[in-house]
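Colleague: I would like to learn how to read salt bridges and chain contacts in a model, beginning with a single side chain. Could you take me through it step by step?

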Amino acid sequence: MPPCIYIMPPCEERTENQTWWDFFVSFWMALMARFVRKLDYRRLWENPRQEEAWLDIQDLRADALRDLATEDNKLSIYEVDEAEEVSLPRILAALAAKRDNVAKLDFVHFDFAIVGELGMAHERVPGDTFDAAVNARHLDLVQLTAKRLADFGARIRAAGKVERYQDKTVERLIRDSIDRGFLDPTRFKPGVARRIG
Amino acid sequence: MSYITTRSDTRYEPRRRYLVRELLDPLLSGEHPPDEWMRADSTSPLIGKMVPTLVDDDPTPRYGYEPARVPLSFEWTHANSTSPLLRQISSTLVGIDLIPWYQLEPQQEPVIATTSLLISELAAPDVQRRILSRTLDALLESAKEERFEDGMNSNLSVGLRVLLRKYSTDFIRVLEDRLKGPKISSRILTEVLHTLGDIEDATTKGWRLATLVRFLASPSSIVRDAAATGLAYLDDKTAIPYLREAIARESSVAFREDLRAIVEQLSA
């Protein structure tokens, strides 16, 4: 198994009276760091259907690679960091708010350990949402090859959790992020601004 | 690509030649419009009738005349002109009005502007329908090169909105025929169905609801999903019974979850 690098919480974030249990939780959270990737076609990430005998349970439909479109052989993902208040809903709100319109949002969240197990290189680069804290949790998977990408897709499909938020739920998430001061509605595009009001 | 040329009908040839050579050619070469064109009373029924007869998609020289190419930027330059005449020519050439609220980057000009089709108010209904049909075909053809993302506008979604808004019932008939006709890929059909649900237009709502419901029974799970999502966007409670029927038919646990979420959303 290739060596894996996990993100440990910095020492200064630990509480003053940290117990061994707190340390264990921090270490466990680092090992179990979760990331999220936006998708567009949730149906393509489901288990094989009856009529799809040609599709292995551990494999990925080729069409699903549309949801893993790379740019310069890089793929964008975001880290969920509950300790820093960058929750999954907050990340999703940020991703949704920068679009042209409020629409349903499909996504997969997965254990970062998969990236390590596949030996995938990554870079911490700022994201481009309207939420600065979310942007700081952006990661690019880099030096991607077709095989690495397909393996990654198959692994996160099998081990990750693919979900969908309907458009009205997405609207609520965005409103919540506005109310908490994470998003500035004056930056929204007209379609989103009209819906949020 | 659109080209302006003259035709063989000699009855109207002199007027066409004048229109093309004296008025349109200089304009297409980027010359500043003549002052008389900028007057508020400069609309011309003659031009409204004549211009559609001059434009087609054939670049070959005819009758000793080299067709002038209508640049893609022509519409954008003149559609908002202070000259009613230029606006008239511009909209006649392309056949759509600009949507003031939709700000397009120059490189995102709708594919409708690239077709050679004219949707003149003066055209006979069957001609208009044929033109709408060809416009839709051009949109769908161009969609093969597009990438679609949830929540993002596309040439296809903008084009459909424009055509439905401007041509309403006439365009519905054309779209209905096309959706029943030769197979459209599930990827493109997804974008069509999402757009049908997301349009805000009372005139076409009933038809859009019925169309989305019909696609709930598609053999493709991708298309069924798109239809269900379109119904969520449409936000009409009358879709609930149809969604419940779809839940009963659906074998995928995850898909049933999504359908129930839509029913819950519509019921709220």
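Modeller: Let us begin with Arg173(B), and keep in mind that this is a predicted model. Arg173(B) has a relative accessibility of 42%, so the residue counts as partly exposed, a class that lies between the limits of 20% and 50%.

Colleague: Which residue does the side chain of Arg173(B) meet in a salt bridge?

Modeller: The general idea is that side chains of opposite charge can pair when their charged atoms come close. Here the partner of Arg173(B) is Asp170(B), with 3.3 Å from N to O, and Asp170(B) is itself partly exposed, at a relative accessible area of 31%. Both residues belong to helix H6 of chain B, which covers residues 155–180, and they are three residues apart, about one turn of the helix.

Colleague: Which residue forms a salt bridge with Lys180(B), and is that residue buried or exposed?

Modeller: The partner is Glu176(B), whose closest approach to Lys180(B), between N and O atoms, is 3.0 Å. These two also lie in helix H6 of chain B, four residues apart, again about one turn of the helix. Glu176(B) counts as buried because its relative accessibility is 17%, under the limit of 20%, whereas Lys180(B) is exposed, with a relative accessible area of 57%.

Colleague: How many salt bridges are there over all chains, and how many between chain A and chain B?

Modeller: Over all chains the structure holds 37 salt bridges, and the count between chain A and chain B is nine. One of these joins Arg43(A) to Asp225(B), with the closest N and O atoms 3.2 Å apart. The residues on the side of chain A that touches chain B divide into 16 charged, five nonpolar and three polar.

Colleague: How should I read the size of the interface, and which residues of chain A lose the most area to chain B?

Modeller: The size of an interface is often given as the accessible area lost when the parts come together. Chain A and chain B bury about 2300 Å² between them, and 43% of that is on carbon and sulfur atoms. In chain A, the residues that lose the most area to chain B are Tyr41(A), Arg43(A) and Gln166(A), which together make up 25% of what that side buries. Counted by residues, 24 of chain A are in contact with 26 of chain B, and 19 residue pairs between the two chains are in polar contact.

How values were computed: Residues numbered from 1 in each chain as written. Chains lettered and ligands numbered in written order. Predicted model: local features only at pLDDT ≥ 70, side-chain atom pairs only at ≥ 80, totals over all residues. Heavy atoms only, no water. Contact = heavy atoms within 4.5 Å. Buried area = accessible area lost by both parts, 1.4 Å probe. Salt bridge = Lys/Arg side-chain N within 4 Å of Asp/Glu carboxyl O. Polar contact = N/O pair within 3.5 Å; in protein donor to acceptor, adjacent residues only side chain to side chain. Nonpolar A, V, L, I, M, F, W, Y, C, P; charged D, E, K, R; others polar. Buried < 20%, exposed > 50% of the residue type's maximum accessible area, 1.4 Å probe, protein only.
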